[in-house]
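Colleague: I would like a close look at one part of this model, the sheet with a helix lying across it, and then a walk outward from there to whatever else in the chain deserves attention. Please take your time and keep the account connected.

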Amino acid sequence: MTLSEFSIKNHVFAWMLMIGLIFFGALAYDKMGISLNPDIDFPVASIRVAYEGAAVDVMEKNVIDPIEESIIAVQGIRSVESTASVGQANINVEFEIKKDIDVAVQELQSRLLSATRNLPDDIDPPVIVKNNPEDRPIVYLIVYSEQLDRRQIMFLVKDKIQDRFSNISGVSEVSVFGYVDPSIRVDLDTKKLSYYELTPQDIVQTIRNEHAELPAGWIERDTKEESLRVMGEITSAAELEQLVIKNRGGQANFIPLRIKDVAHVYDGLEEIRRISRVDGRKTVAIGVRKQRGANSVQVASDVITRVKELQQILPPELKLEVNFDSTEFIREAVAELVFTIILSALLTALVCWLFLGSLSATLNIILAIPTSVVGSFIVLYWLGFTLNTFTLLGLSLAIGIVVDDAIIMLENIFRYLEKGKNRVEAAILGSREITFAVIATTAAIVAIFLPVAFMKGIVGQFFFQFGVTISVAVILSTIEALTLAPMRLSRFGSAKPRNIKIIVWVNQLVERLGQIYHTLLNKALQHRRSVLLVSLCLFIASLSLFWVLKIEFAPEQNEQRSFIYIRTAQGSALDFTDSKVKEIEQYVATLPWVTRNYVSVGGFGGGGKTNTAVMIVFYDEDNDLVTMEKELREGINQIEGVRGFVQMSTSRSLGGGRGYPVELTLQGNDYQALIAATKTFIEEMKATKAMVGINSEDIETKPEIQISPNREKAKEYGVPIADITETVQVLYGGVKPVKYSFEGRRYDVLVKLPEQKRKSLDSLEAIFVRNNRSELVPLRELVTLKSVDAPLNIFREDRQRSIRINANIAAGSSQGEALQIVQQLGASKLPAGINLKLSGSSETFYESFESLIIVMLIGIIIAYMVLGAQFNSFLDPLIVLVAMPFSISGALLGLWLGGQSINIYSMIGLILLLGIVKKNSIMLVEFANQLRDQGQPKREATLNAAAVRLRPILMTSIATMAAAIPPALNFGPGAETRIPMALSILGGVAVSTLLTLIVVPLLYEWLSPERDEV
């Protein structure tokens, strides 16, 4: 007894199976998280180290080098990239894709512990974080006030706002941007220090000595025990300024001096190295990150609800608003995909109704969609997948596939109903005849996706979910077709005459097409070699489209925002950069399609980049990305004294790196020669006109004043070099000798020169250092000053100094063309000893396409093996697979007509297509074999099989195309990723169906061996 017969005779079992799949699938759908991309672990960890005020060279030699030397022994490291900037070091460690990132982080942590003994004593502890694009904030909030001062705002942000979002379910971290910690400022007066014969170290040491609170133990009295506490800490600026300076250079100071006599003490903020604004208004930004696997949309909704709650209890002068909610795009994109699935199902139902003319048969087919699609959520939820672009896109494209098995099954049963069989007999006979074809087609589709698991890189992880989703849906559709479909038709199937005009017309059209097809096929069989030769020529000619179509990693996706990286002249002060950014803000405000803008002067990273700024421009969606990018870039670069680099926000997180379509690295042993070669190479890139916005931050320099101690004079005067260094550090870098408590939190006391005094080195003229005889020596006698240009950043890749170059694609060019030009320039223009290496999305571009081609080849081999085992033949699978080349021709034609590019989405559509188009060939070959087994001659069996299978082939092909039409339409968020995949399927199915209806029978009649030879 076959599975279909069992279901027909046990209809309650089949009904319960369908209800169970739909019911539990709906429950799983409701519990699944929602995100833009799959929630997977990237094998990248970042080590961040802060060393306030340290020069770039110091960060490289004293911080990065010992850390790299320590961690390089960790197993599974693929590459190490490090960037040193003023006071900051960032080390990105990429592991092999199979490495468990949690284990990797633990191993890095243990290696870092051994490296800390080689780091400077006063450095901040290194911090390790996993680097995952999905861990970026999903909601940005802004806090601002016109009435409150900055210090009051900072206290409210820290005490009343930040923690209220941390305890929301699903929130992993709340980051604050533009926040500056309150502190007690001690601004030194160099003239008064000289007058009282004091040094900056004397003030620092006084604060340390006079500010101390340690556990003092306890005391027992009678039956009570009481703890002891020495209240030695200062609690306010007023208290600190009254501290008595009791020592000078370790000797007692008998002059009654207090801190206020030599410094200005007040409640203030730490140094402002970053300024944030929204539409010209100063703000503090708050970024909310979700936990791994959490529902992004739900978390964002809870955050917005909390904002409304806080607005009721915060001071009315303080405004808390949502600046950007990334889940709006996710919600809209997911809603569009769900709508696409529904629309695809309706179009598929219409096709089935037009062909079958029976509502009961159409309903039977349509019930395959919720059973397969909704049932898939059970497996997806169990595997830990989320509702994201890839899983939902897979389901939307699977609509036309999951009904194919039901169409094949029901169409065959329907033929027996038309012959006068009762419902049960027709269901048993029809299902028995078609079971092998259904299983064979399903196995062929699943086989094509098995190699997706072997794709390299992060992109392979993303498309793994796509492949699994479609495979699960197709497998469930097969189960549905073998059990539920024949059972339902045996219960309420009918073959009533088609009396609706359009259905009669469609039926007559199909019959007419069948007659024409039979005539053409008969003639083609008589001129087999000529027809096959013409078909081969058409296929070869279609491959020329590879050189016409643009090639890129991923299409630009309109997320309604753009990033602008702004730079002023090297060494520009923060105030100067801010003034230029304000001019850009004024220009951007004049653009009619801009809704608002957010700017961070000083960048998003740590301090030290006072000549940089980042602006995010938000705009209406109904605008052309390329046009907006060009207008922004040209308008910003017309402002004197600034350079603007526009990067469109196009979800290029798939490619990793810095998010530019062109990313490369130059390496060489001679650093100065490397810089010179980079400058020349950038000019060569500009001359090609294929790229715009070409820049490299790594070759930029920043003015640096080097204060060099005269060691001979220092020895003569008896002054330790360390005292000279510490003096300059206190004056210009500042030190934080102690912390104080305020309203339950700990803040720093900051000792430094006043801001106005730090704008020149004149203060050094009035500063003294103490020698080993307690004598004061003028600092100017012990040092020499020299102005040089120091690097703004130092970038290292795999422990070798390197320079990164980024670029966008010029209008009319493509990523593939630009990368080819870059590699040609590297081979012909770079001097000996300088090597070029693609990185980021550029490296992923080649890696992904290489993997996709390998996946296609492996998929074809596996499909051949599966078909060979099923048909028990070496030749029949080759005849079946001949449909594949023509599907490639159709896919290229569809992309060309639709103005799309060859990218990872269209390539995945092509892989899916290779699985779909084999169905038609399988139905032809399998039924022809059945007829020959019944005694028909080869040619007669070929003609009869083609005639009988024409209607199901047309039905399945048109149903698949109908399901692909909604994704191919250019509407809704995320359409940029759906269109190329859908057009590949539309073109491929259309062309391959037309050609394989002729070519496959010809090859079968020519190559298929006699049945007794098999």
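Modeller: Helix H22, residues 721-733, lies across strand E7 and strand E25 (745-752), and its direction makes about 110° with that of E25. What follows is read from a predicted model, and every value in it is computed from that model.

The sheet under this helix is an open one of four strands in the order E12-E7-E25-E24, and its pairing is mixed. Its edges are formed by strand E12 (263-269) and strand E24 (739-742), each of which pairs on one side only. From one strand to the next the twist averages 30°. Strands of a sheet pair through backbone hydrogen bonds, either parallel or antiparallel. For E7 (residues 182-188) and E12 the sense is antiparallel, with seven bridges between them, and within that pairing proline 182 of E7 has leucine 269 of E12 as its bridge partner.

Isoleucine 707 offers a way of approaching H22 from another side. This residue belongs to strand E23, which covers residues 701-709, and its C-alpha is 9.7 Å from that of isoleucine 724, although the two are 17 residues apart in sequence. Once residues up to four places away in sequence are set aside, isoleucine 707 touches Val728, Leu764, Val783, Thr784 and Leu785. Is isoleucine 707 buried, partly exposed or exposed? Its relative accessibility is 26%, so it counts as partly exposed, since the class of buried residues ends at 20%.

A second open sheet of four strands can be set beside the first, with the order E6-E15-E5-E16 and antiparallel pairing. Strand E6 (171-177) and strand E16 (319-325) are its edge strands, each pairing on one side only, and neighbouring strands are turned against each other by 25° on average, direction ignored. E6 and strand E15 (residues 284-290) run antiparallel and are joined by six bridges, and in that pairing the partner of valine 171 is lysine 290 in E15. This sheet, too, has a helix packed on it: H5, residues 150-166, touches strand E5 (139-144) as well as E6, E15 and E16, and its direction makes about 165° with that of E6.

Two loop residues call for a careful look at the backbone. Most residues other than glycine have a negative phi, and most peptide bonds are trans. Glutamate 197 is not a glycine, yet its phi is positive, at about 55°; it lies in the loop between helix H6 (190-195) and helix H7 (200-210), and with 46% relative accessibility it counts as partly exposed. Aspartate 279 likewise has a positive phi without being a glycine, here of about 50°. The loop that holds aspartate 279 runs between strand E13 (275-278) and strand E14 (281-282), and this residue is partly exposed as well, with a relative accessible area of 43%.

Further along the chain, one may ask how helix H23 (residues 815-829) and helix H24 (residues 840-871) meet. Their axes come within 11 Å and cross at roughly 105°, which means that H23 is roughly perpendicular to H24. On the side of H23 the contact is made by Gln815, Gly816, Leu819, Gln820 and Gln823, and on the side of H24 by Ser841, Ser842, Phe845 and Tyr846. Sorted by character, the residues of this contact divide into three nonpolar, six polar and no charged.

Asparagine 920, in helix H28 (residues 918-933), is a polar side chain worth examining individually. Asparagine 920 counts as buried because its relative accessibility is 6%, and its side chain is joined to that of threonine 993 by a polar contact of 3.4 Å. Apart from neighbours within four places in sequence, asparagine 920 is in contact with Ile953, Thr956, Ser957 and Thr993.

As a frame for these parts, the protein has 30 helices and 31 strands, and its C-alpha atoms fill a box of roughly 120 × 80 × 55 Å along the principal axes. Of its 1014 residues, 56% count as buried. Among contacts between residues at least 6 apart in sequence, 80% join residues at least 24 apart.

Notes. Residues are numbered from 1 along each chain as its sequence is written. This is a predicted model: local features need pLDDT of at least 70, side-chain atom pairs count only at pLDDT 80 or more; totals for chains, interfaces and linings use all residues. Side-chain values use heavy atoms; hydrogens and water are left out. Axes are lines fitted to C-alpha atoms, for helices over the stretch in contact, and angles run from 0 to 180 degrees between N-to-C directions. Angles under 35 degrees count as roughly parallel, over 145 as roughly antiparallel, 65 to 115 as roughly perpendicular and the rest as oblique. Contact means heavy atoms within 4.5 Å. Ala, Val, Leu, Ile, Met, Phe, Trp, Tyr, Cys and Pro count as nonpolar, Asp, Glu, Lys and Arg as charged, and the others, Gly among them, as polar. Two strands pair if DSSP finds at least two bridges between them. Buried means under 20% relative accessible area, exposed over 50%, partly exposed in between (1.4 Å probe, protein chains only). A polar contact is a pair of N or O atoms within 3.5 Å; within protein, one must be able to donate a hydrogen and the other to accept it, and residues adjacent in sequence count only if both atoms are side-chain atoms.
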